[in-house]
Amino acid sequence: GCISFITKRSQLMTTKMLQHPPGSFWLRFSESFPGKIAVAYRSSFRPTIDSIRHYLVQQEESATGKSS
């Protein structure tokens with residue numbers, strides 16, 4: 001395995017993501033929300049940037065009021 005960090009707007013990230021099958025994902029630091037983590041996810045077989053989705057990982061509070 002390999003751990004690395006790459007930006008959302010990186011041509012390298014897009015190229016690498018399109019080389020992997022749908023369902024592949026990368027974790028990255030959010031550019032819009034410093035200090036937060038985002039997921040880049042390959043959603044379809046289309047060989048275009050539109051097949052890559054980006055989601056912000058958000059912390060939720062549980063019913064007990066504790067963060068999880």
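# Chat about a surface patch

Biologist: Is Phe 29 buried, exposed or partly exposed?
Modeller: Phe 29 counts as partly exposed, because its relative accessibility is 43% and the exposed class begins over 50%. Keep in mind that this is a predicted model.

Biologist: Which strand is Phe 29 found in?
Modeller: Strand β1.

Biologist: And where does Phe 25 lie?
Modeller: Phe 25 lies in β1 too, a strand that covers residues 25-29.

Biologist: Buried or exposed, that Phe 25?
Modeller: Phe 25 counts as exposed, since its relative accessibility comes out at 51% and the cut-off is over 50%.

Biologist: What is Phe 25 in contact with, leaving aside neighbours within four places in sequence?
Modeller: You'd find Met 17, Val 39, Ala 40 and Tyr 41 there.

Biologist: Take Ala 40, then. How far apart are Phe 25 and Ala 40 in space?
Modeller: C-alpha to C-alpha they are 5.4 Å apart, with their positions 15 residues apart in sequence.

Biologist: OK, on to the surface. Which residues form the nonpolar patch?
Modeller: Both of our Phe residues are in it: the patch consists of Phe 25, Leu 27, Phe 29, Ile 37, Tyr 41, Tyr 55 and Val 57. Together they have about 670 Å² of accessible area.

Biologist: Which element gives the largest share of that patch?
Modeller: That's β1, with 3 residues.

Biologist: And which elements supply at least two residues each?
Modeller: β1 does, and so does β2, which spans 37-42.

Biologist: Let's zoom out. How many helices and strands does the chain have?
Modeller: There is 1 helix, plus 3 strands. Going along the sequence, you read α-β-β-β.

Biologist: What share of the chain is buried?
Modeller: Of the 68 residues, 22% are buried.

Biologist: How much area does the chain expose, and what do carbon and sulfur supply?
Modeller: About 5300 Å² is exposed, and carbon and sulfur atoms supply 57% of that.

Biologist: What about contacts with a separation of 6 or more: what percentage comes from residues 24 or more positions apart?
Modeller: For this chain, 20% of those contacts.

Biologist: Last topic, confidence. What's the mean pLDDT of the chain?
Modeller: The mean is 82, and 84% of the residues reach 70 or more.

Biologist: Which elements have the lowest and the highest mean pLDDT?
Modeller: Helix α1, residues 11-18, has the lowest at 84, while strand β3, residues 52-56, has the highest at 91.

Note on methods:
Residues numbered from 1 in each chain as written. Predicted model: local features only at pLDDT ≥ 70, side-chain atom pairs only at ≥ 80, totals over all residues. Heavy atoms only, no water. Helix = DSSP H or I, 4+ residues; strand = E, 2+ residues; numbered from the N terminus. Buried < 20%, exposed > 50% of the residue type's maximum accessible area, 1.4 Å probe, protein only. Contact = heavy atoms within 4.5 Å. pLDDT = per-residue confidence, 0-100. Patch = residues over 30% accessible without salt bridge, like charges linked within 9 Å, V, L, I, M, F, W, Y side chains within 5 Å. Areas by Shrake-Rupley, 256 points an atom, 1.4 Å probe, with all protein chains shown as cover. Salt bridge = Lys/Arg side-chain N within 4 Å of Asp/Glu carboxyl O.
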